[in-house]
Amino acid sequence: MSDLATALVFWPVGALMLVTALYVFVTSSMARAGLLLLAALALEGLLFLALASEFLGVLMLLMMSAEMVIMVFFMVMFMPDPGGLMGMDMVHDKRRSAGAAVVVGLLLAVVAVLTDWPAQMLPPDAPDVRAIGFEVMGRSMFSFLFAGMAILFTIVGGIMVAKQGGRYGVGAPAGEAREG
Amino acid sequence: MSDLTPFAILALAAVGAVAVASLETLVAGFRPAPLGATRQALAGLRQPISHPTTYDGWLFHLAPGLLLLAALAALAMVPWAPGFRGIDLETGAILFPAALAYVTPAVFMAGWGGGSPLPVIGGFRFIALMLGYAMPIAMVATAVAAPAGSLRPSDIVDIQATVPMALAQPFSLALWLPAVMAVALLAPFDVATAPHELGGGAFERYTGLEAALVALARRVLLLAVAGMTAAFFLSGWHGPLLPDWLWMAVKTAAVAALMLYAGRRLPRLETDRLLTLAWKVAVPGAIAAIVLAGAETLLFYS
């Protein structure tokens, strides 16, 4: 894509991404929050595509749809106010967290603007590219696999712990009670 | 890809949807009347669209558009002929499941925004179903891409010039077909939109233009998954005598007819049985399919 076309996609999509991300914290409905987060992350995938990072963009679009839909599913299942109709506040310790978010955001923006990013494009068969590939698929793969397994066990364990009491903290109905 | 490719894909979606609707009528055992059916569908547009009285009504109105967008994006990845390869991306085989992954939020939004019990149940059923069936689609896509050494769909078609992938990896095909039928909301996997059980489920409350959009998107979705099945497993445009695009059309129609026929012959299972199949058979099976594909690639293709 030409620079103009990239800019025409980048800035509106980036602005829309920030707006949807902000609304995640404004709404109190679990379904809306999850879907807005999905919108924000899908728009980020589009940003990657606009910046000619095709594989990352496509992967982002694929993974985020599945992950955010899972999040909607579990949030609606386990949160006490899934529809946002009882005025539950999702945000805690507002002032300090907002302050921390602004400070960290500004710091990251300064780093992003002031860093001297490399401008040259490497061909796909450059030695650096090969080295990164071997690093990611070799030694580091072992820890990635264990991290993935740990996350899976956490999800399953979390559901098993949460399910026993049910959403409202009452015991399971008589028919569902299990011998433990 | 030329500048006209996007328009060609839109035209294909419009014509293909009518063809798929005719095929549905034919498989159901009636004589298809595409002109009459189209006229009837256009007459339905005069009906006003319905507005659910819930706070999340905007999700309800966004859903048909998102569904159609996901279906069109999936259709755009299908390579139809050497001269018309769709949006021919290096990552097409991953973008195809990525596009299909947006069917899930669309169906959930339709159900949740509809705001009455049956649509909401339909939306949640579809999320549960797709958590299981989305993975085999992406994993099988990597399995068929392994011999080609490329995620470009047209490369995957070209590697099948001698042996179609259906013969080289029949196990992958067996995992792929139910998974794409589930994502295309086809019977017997249509627990989210079950006409007899949930009275239309997630799409129950749509009328007028929005109902037409949903109907169109479902046909485009079937066309996309049937086309991609033909490209990934039935060697796409390769074949003797007939012109290449005609081979692709015949194979796509055959796959679509098979899916529709299976939906008419097989009973709809309960959601939890479908999930058992997905998690205990399809997902471990897909891992095995990737290992098998890797072994085959090392032995025969390199």
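Glu135(A) counts as partly exposed because its relative accessibility is 35%; buried means under 20% relative accessible area, exposed means over 50%, and partly exposed falls in between (1.4 Å probe, protein chains only). Its side chain meets that of Arg139(A) in a salt bridge, 3.3 Å from N to O. Here a salt bridge is a side-chain nitrogen of Lys or Arg within 4 Å of a carboxyl oxygen of Asp or Glu. Arg139(A) is exposed, with a relative accessible area of 68%.

A word on the ground rules. This is a predicted model, where local features need pLDDT of at least 70, side-chain atom pairs count only at pLDDT 80 or more, and totals for chains, interfaces and linings use all residues. Residues are numbered from 1 along each chain as its sequence is written, chains are lettered from A and ligands numbered from 1 in the order in which they are written, and side-chain values use heavy atoms, with hydrogens and water left out.

**Salt bridges**

By the rule above, the count over all chains comes to six salt bridges. Three of these pairs go into the table.

| Pair | Closest N to O distance |
|---|---|
| Glu135(A) and Arg139(A) | 3.3 Å |
| Arg96(A) and Asp93(A) | 3.3 Å |
| Asp56(B) and Arg32(A) | 2.5 Å |

The pair of Asp56(B) and Arg32(A) crosses between chains: Asp56(B) sits in the loop between α2 (34-44) and α3 of chain B, and Arg32(A) belongs to helix α2 of chain A. Helices (H or I, at least four residues) and strands (E, at least two) are DSSP runs, numbered from the N terminus. Both Asp56(B) and Arg32(A) are buried. As for the other pair, Arg96(A) counts as exposed, at 65% relative accessibility, while Asp93(A) is partly exposed at 46%.

**Chain A and its helices**

Chain A has six helices and zero strands. Of its 180 residues, 24% count as buried. Contact means heavy atoms within 4.5 Å. Among the contacts in chain A with a separation of 6 or more, 57% come from residues 24 or more positions apart.

Take helix α1 (residues 3-26) of chain A. The expected span of a helix is 1.5 Å times one less than its number of residues. With 24 residues, α1 of chain A should span 34 Å, and its end C-alpha atoms are 34 Å apart, which agrees. Which residues of α1(A) are buried? They are Thr6(A), Val13(A), Gly14(A), Met17(A), Thr20(A) and Val24(A). The buried residues of this helix pack against α2 of chain A.

**Pockets**

A little vocabulary helps here. On a 1 Å grid over the protein atoms alone, a pocket is an open set of points with protein on both sides within 12 Å along at least five of seven lines, where a 1.4 Å probe fits, and lining residues have an atom within 4 Å of a point. Grid points are joined across faces, edges and corners, and a volume is the space filled by probe spheres set on the points.

The largest pocket has a volume of about 2,600 Å³. It is lined by 45 residues, and the closest to its centre are Met63(A), Leu131(B), Met135(B), Met139(B) and Trp279(B). Helix α3(A) gives the most to this lining, with 14 residues. By class, the lining has 40 nonpolar, four polar and one charged residues; Ala, Val, Leu, Ile, Met, Phe, Trp, Tyr, Cys and Pro count as nonpolar, Asp, Glu, Lys and Arg as charged, and the others, Gly among them, as polar.

The second largest pocket has a volume of about 1,100 Å³. Of the 37 residues that line it, Leu46(A), Leu61(A), Leu69(B), Ala73(B) and Tyr102(B) are the closest to its centre. Helix α3(B) provides the largest share of this lining, ten residues. Sorted by class, the lining of the second largest pocket has 34 nonpolar, two polar and one charged.

**Backbone oddities**

Most residues other than glycine have a negative phi, and most peptide bonds are trans. Ala52(A) has a phi near 65°, a positive value in a residue other than glycine, and is found in the loop between α2 and α3 of chain A. Leu241(B) also has a positive phi, about 65°, and lies in the loop between α10 and α11 (244-265) of chain B. Ala52(A) is exposed, at 70%, and Leu241(B) is exposed too, at 91%. Finally, the peptide bond from Ala187(B) to Pro188(B) is cis, with omega near 0°.
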